[in-house]
Amino acid sequence: MKINCLGCGFKVDLAGAYDDYVGQIKCFACGAIMEIATQAGNIRAVSLVTEAPLPSAEEFLVRSLG
């Protein structure tokens, strides 16, 4: 099961362990925290708890330039 991150749109792939789950997950791409509820492998609710903080100018340059 996959959900789109509400912070950046990245498709977060949830393993089978999340088939019946209520709690928080973190986006692997941007670090946003989402609250999700799933039941029988279907998504019931998704809400954004916190967006990832914006990187500093230095962090941005390091990420951009590798």
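This is a chat about the fold, the cysteines and a surface patch of a predicted model.

Reader: Quick overview first: how many helices and strands does the protein have?

Author: The predicted model has 1 helix and 5 strands. Along the sequence, the pattern reads β-β-β-β-β-α.

Reader: And what percentage of the residues is buried?

Author: Of the 66 residues in the protein, 18% are buried.

Reader: OK, sheets. What's the strand order in the open sheet of 3 strands?

Author: The order is 3-4-5, and the pairing is antiparallel.

Reader: Which ones are the edge strands?

Author: Strand 3 (22-26) and strand 5 (42-50) are the edges, as each of them pairs on one side only. On average, neighbouring strands in this sheet are turned by 30° against each other, ignoring direction.

Reader: How many bridges join strand 4 to strand 5?

Author: There are 7 bridges between strand 4 (residues 33-39) and strand 5, and the two run antiparallel. Two pairings to look at: Met34 has Leu48 of strand 5 as its bridge partner, and Ile36 sits opposite Val46 in strand 5.

Reader: What about the hairpin of strand 4 and strand 5, how many residues are between the strands?

Author: The hairpin has 2 residues between the strands, and Ala40 takes a positive phi there.

Reader: What's the phi of Ala40, roughly?

Author: Near 55°, which is a positive value in a residue other than glycine. For context, most residues other than glycine have a negative phi.

Reader: Is Ala40 buried or exposed?

Author: Ala40 is exposed, because its relative accessible area is 60% and the cut-off for exposed is over 50%. Ala40 belongs to the loop between strand 4 and strand 5.

Reader: Switching to cysteines. How many disulfides does a search of the whole structure find?

Author: The search gives 0 disulfides.

Reader: Why is Cys8 not bonded to Cys30?

Author: The sulfur of Cys30 is the closest cysteine sulfur to that of Cys8, but they are 3.8 Å apart, so the distance is too far for a bond. To count as a disulfide, the two sulfur atoms have to be within 2.5 Å.

Reader: And Cys27, which cysteine sulfur is nearest to it?

Author: That of Cys5, at 3.7 Å, and Cys27 is in no disulfide.

Reader: Which of these are buried or partly exposed: Cys8, Cys27, Cys30?

Author: Cys27 is buried, with a relative accessible area of 3%. Cys8 is partly exposed at 41%, and Cys30 is also partly exposed, with 26%.

Reader: Where does Cys30 lie?

Author: In the loop between strand 3 and strand 4.

Reader: How far apart are Cys30 and Cys5?

Author: They are 25 residues apart in sequence, while their C-alpha atoms are 8.6 Å apart in space.

Reader: Last topic, the surface. Which residues make the nonpolar surface patch?

Author: Leu6, Ile43, Val46 and Leu48 make the patch, which covers about 280 Å². You've met two of those already: Val46 stands opposite Ile36, and Leu48 is the bridge partner of Met34.

Reader: And where is Leu6 found?

Author: Leu6 is in the loop between strand 1 (2-4) and strand 2 (11-13).

Reader: Why does Leu6 count as partly exposed?

Author: Its relative accessible area is 46%, so Leu6 falls between the cut-offs, under 20% for buried and over 50% for exposed.

Key:
Residues numbered from 1 in each chain as written. Predicted model: local features only at pLDDT ≥ 70, side-chain atom pairs only at ≥ 80, totals over all residues. Heavy atoms only, no water. Patch = residues over 30% accessible without salt bridge, like charges linked within 9 Å, V, L, I, M, F, W, Y side chains within 5 Å. Areas by Shrake-Rupley, 256 points an atom, 1.4 Å probe, with all protein chains shown as cover. Salt bridge = Lys/Arg side-chain N within 4 Å of Asp/Glu carboxyl O. Helix = DSSP H or I, 4+ residues; strand = E, 2+ residues; numbered from the N terminus. Buried < 20%, exposed > 50% of the residue type's maximum accessible area, 1.4 Å probe, protein only. Pairing = 2+ DSSP bridges. Axes fitted to C-alpha atoms, helices over the stretch in contact; angles between N-to-C directions.
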